[in-house]
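Dear colleague,

I am passing on to you the structure we spoke of, together with my notes on what turned up in it. Please read the notes with the sequence and the coordinates open beside you.

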Amino acid sequence: MKRNIKVLIIDDDHSARCILQKYLEIAGNVDILGNVSDTFAANKIIKSDSPDLIFLDINMPDEDGLQFATKLRDSNINIPIVFTTAYKNYALDAFKVKPVDYMVKPFGLDDIFNILRKVEQHITQQKTLRNQERVWGHKIPDKLKFKVVRGYIFVAPTEILFFKAFSYFVELYMSNGNKEKLTNKLSEISEELSPFNFFRINRSAIINMNYIERVDRKERMCILKHDDDEFDFPFTISTFKQFEQIESLKLG
């Protein structure tokens, strides 16, 4: 059973905190660890309860959100942060501490749902990394292992163009032009690839984003290119929304 996301809200504006907490309660998959007006109170909660996500206002009187976030990162506390502010001009400074998102007030319930989806993905990726560390040690392997009919093959992530699922097998397409029939399920492969730059674009394909040539928004189509070869992949509606959020700041 999936556990709730533990959330800490930090904002000196009481009404803003209450609105945000109400949205989070409507979302229904969170536990509110604290709803506080300053970073001093927030520090106590972070030390005692280890939140999964912090909503952090930037403009606060004693210590602003950017200063507080920088201190957390300098202390190797890498809790996902979402900045909340009434001003857009802090975006560049905020980006330096690598937030999950940057929301300009007023924001809506859809924004909160999007944030929580991002954080769930982040938590899943971190869990996969920890599992891999238990198997491989702290160094992620240079090659990934996949099952084939007669045993295993080992392939570097950079050599992979994409995976395509068929009825009884998954085909691996490589940059050298070779193909391999794998007996892994696509869901198993997706978990193994989470530390790398891959994306499950639809139910039957995982692509290496390093080979993306362009994306057609109107047709919801992604085109991969390697040498003179091009490969087209349709997005689903949900994966296209996820794709648009990758490596971006939302500026309201």
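**Salt bridges around K105**

K105 is partly exposed, with a relative accessible area of 24%. Please keep in mind throughout that this is a predicted model, and that the values below were computed from its atoms.

With which acidic side chains does K105 form salt bridges? One partner is D11, where nitrogen and oxygen come to 2.8 Å from each other. K105 sits in the loop between β5 (101-104) and α5 (109-136), while D11 sits in the loop between β1 (5-10) and α1 (14-27), so this salt bridge ties together parts of the chain that are 94 residues apart in sequence. D11 itself is buried, at a relative accessible area of 4%.

K105 also forms a salt bridge with D57, and here the closest N and O atoms are 3.5 Å apart. Because D57 belongs to strand β3 (residues 53-57) and K105 to the loop between β5 and α5, this pair ties together parts that are 48 residues apart in sequence. D57, too, is buried, its relative accessible area being 4%. Through shared partners, the salt bridges join D11, D57 and K105 into one network.

The structure holds 5 salt bridges in total. Among them is the one between R214 and E230, with a distance of 3.5 Å from N to O. This pair links distant parts of the chain, since R214 is in strand β13 (residues 212-216) and E230 is in strand β15 (residues 229-234), with their positions 16 residues apart in sequence. R214 is partly exposed, with a relative accessible area of 43%, and E230 is partly exposed as well, with a value of 39%.

**The sheet from β8 to β12**

A second part of the model that deserves your attention is an open sheet of 5 strands, which are antiparallel in their pairing and follow the order β10-β9-β8-β12-β11. The edges are taken by β10 (179-182) and β11 (198-202), each of which has a single partner strand, so that one side of each is left without a neighbour in the sheet. From one strand to the next, the twist averages 20 degrees.

At one edge, β10 runs antiparallel to β9 (residues 170-174), and 4 bridges join the two strands; within this pairing, V170 stands opposite L182 of β10. At the other edge, β11 pairs with β12 in the antiparallel sense, again over 4 bridges, and F198 has N208 in β12 as its bridge partner. These two strands, β11 and β12, form a hairpin that has 2 residues between them.

Is the edge strand β11 largely enclosed or largely open? Of its 5 residues, 4 are buried, so β11 is largely enclosed by the rest of the structure. Helix α6 (residues 186-193) lies across β8 (160-165), β9, β10, β11 and β12 (205-208), and its direction makes an angle of about 25 degrees with β12.

**Aromatic rings and charges over them**

How many aromatic pairs does a search of the whole structure find? The search gives 9. In one of them, F235 and F240 have ring centres 5.0 Å apart and ring planes at 80 degrees, so the pair is edge-to-face; both of these residues are buried. F235 also pairs with F243, with the ring centres 5.2 Å apart and the planes at 55 degrees, and the pair is therefore tilted. F243 is buried, as is F235. Elsewhere in the list, ring pairs link F162, Y173, F231 and F233 into a cluster.

Two lysines are also placed over aromatic rings. K145 lies over the face of Y152, at 4.7 Å from the ring centre, and K181 lies over the face of F169, where the distance to the ring centre is 4.8 Å.

If you have time for a single view, I would suggest opening with K105, where the salt bridges to D11 and D57 come together in one network, and then turning to the open sheet with β10 and β11 at its edges.

With best wishes

Definitions and conventions. Residues are numbered from 1 along each chain as its sequence is written. This is a predicted model: local features need pLDDT of at least 70, side-chain atom pairs count only at pLDDT 80 or more; totals for chains, interfaces and linings use all residues. Side-chain values use heavy atoms; hydrogens and water are left out. Two strands pair if DSSP finds at least two bridges between them. Axes are lines fitted to C-alpha atoms, for helices over the stretch in contact, and angles run from 0 to 180 degrees between N-to-C directions. Contact means heavy atoms within 4.5 Å. Buried means under 20% relative accessible area, exposed over 50%, partly exposed in between (1.4 Å probe, protein chains only). A salt bridge is a side-chain nitrogen of Lys or Arg within 4 Å of a carboxyl oxygen of Asp or Glu. Rings of Phe, Tyr and Trp (its six-membered ring) pair if their centres lie within 6.5 Å; planes under 30 degrees apart count as stacked, over 60 as edge-to-face and the rest as tilted. A charge sits over a ring if NZ of Lys or CZ of Arg is within 6 Å of the ring centre and within 35 degrees of the ring normal.
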